[in-house]
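Colleague: I have a model open and would like to learn how to read a few of its features. Could you walk me through them?

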Amino acid sequence: MSWRSEYIWIEFIAGSRKTSNFCWAFILFLGSLGFLLVGISSYLDKNLISFFPSQQIIFFPQGIVMSFYGIAGLFISSYLWCTITWNVGSGYDRFDRKEGIVCIFRWGFPGKNRRIFLRFLMKDIQSIRIEVKEGIYARRVLYMEIRGLGDVPLTRTDENLTPREIEQKAAELAYFLRVPIEVF
């Protein structure tokens, strides 16, 4: 999603609040809770899960291992729920030709560096670079090359843009910023 005028281009970046993240966090929570309940059932020798008889699982070593996997899964699930709640990675890219400034803002994890704000002068932008890696794990990323500072990614690494979409986005942005495009 983006907003454009003659002098300003604002590109909104979606964060962790995506349907796939909600699904994975929920599935992981349910699976790890099931593992933990089976491990506890084997320790107590009671059926906490009605459709799974606890007598089939011996507490040492299977019950301990299942409890460990359940606890580990709950930790990972809580991490995913926190990133979704805090919407880590969301923000915007703002290109202002009138003032000659580029602002990149992202939300991070809570703490000292929760707000990630980068500011560059437009005259320091050397080019827009497209990095394409094809194969089983295809990856297409759009970068902005800043003089003396290196490359700043403009697209998410998990954003699966088609070659045509990434080329169009790069061409429009390069035209707006009046810089060349490089392809790697």
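Modeller: Gladly! Let's begin with burial: a residue counts as buried when its relative accessible area is under 20%, as exposed when it is over 50%, and as partly exposed in between. Keep in mind that this is a predicted model.

Colleague: Is R140 buried or exposed on that scale?

Modeller: R140 is buried, because its relative accessibility is 16%. Its side chain also meets that of E134 in a salt bridge, at 3.1 Å from N to O.

Colleague: Which residues are joined into one network by salt bridges that share partners?

Modeller: That network consists of R129, E131, K133, R139 and D151. As for the count, the rule gives 10 salt bridges.

Colleague: Where do D151 and R129 sit in the chain?

Modeller: First the pair itself: the side chains of D151 and R129 form a salt bridge with an N to O distance of 2.3 Å. D151 belongs to strand 8 (residues 150-153) and R129 to strand 6 (residues 125-133), so the bridge links distant parts of the chain, 22 residues apart. R129 is buried, as its relative accessible area is 10%, while D151 is partly exposed at 34%.

Colleague: And what about E131 and K133?

Modeller: Their side chains meet in a salt bridge too, at 4.0 Å from N to O. The cut-off for a salt bridge is within 4 Å, so keep that number in mind when you read this pair. E131 is buried, with a relative accessible area of 15%, and K133 is partly exposed, with 46%.

Colleague: Now the domains. How should I read an interface between them?

Modeller: The size of an interface is often given as the accessible area lost when the parts come together. Here the chain is divided into domain 1 (1-16 + 86-181) and domain 2 (18-84). The contact takes 8 residues from domain 1 and 6 residues from domain 2. Together the two domains bury about 590 Å², with 48% of it on carbon and sulfur atoms.

Colleague: Which residues in domain 1 lose the most area to domain 2?

Modeller: They are S16, W86 and F109, which together account for 72% of what that side buries. Across this interface the rule finds 0 salt bridges, and the domain centres, taken over C-alpha atoms, are 40 Å apart.

Colleague: Last one: which residues form the nonpolar patch on the surface?

Modeller: F26, F29, L30, L33, L37, I40, Y43, L44 and L48 do, with about 780 Å² of accessible area together. L48 lies in the loop between helix 1 (19-44) and helix 2 (59-86), and it counts as partly exposed because its relative accessibility is 42%.

Definitions and conventions:
Residues are numbered from 1 along each chain as its sequence is written. This is a predicted model: local features need pLDDT of at least 70, side-chain atom pairs count only at pLDDT 80 or more; totals for chains, interfaces and linings use all residues. Side-chain values use heavy atoms; hydrogens and water are left out. Patches are made of residues with over 30% relative accessible area and no salt bridge: like charges are joined within 9 Å, nonpolar side chains (Val, Leu, Ile, Met, Phe, Trp, Tyr) within 5 Å. Accessible areas come from the Shrake-Rupley method with a 1.4 Å probe; for residues, only the protein chains shown count as cover. Helices (H or I, at least four residues) and strands (E, at least two) are DSSP runs, numbered from the N terminus. Buried means under 20% relative accessible area, exposed over 50%, partly exposed in between (1.4 Å probe, protein chains only). Domain bounds come from an automatic or database domain assignment. Contact means heavy atoms within 4.5 Å. Buried area is the accessible area (1.4 Å probe) that two parts lose on being put together, summed over both.
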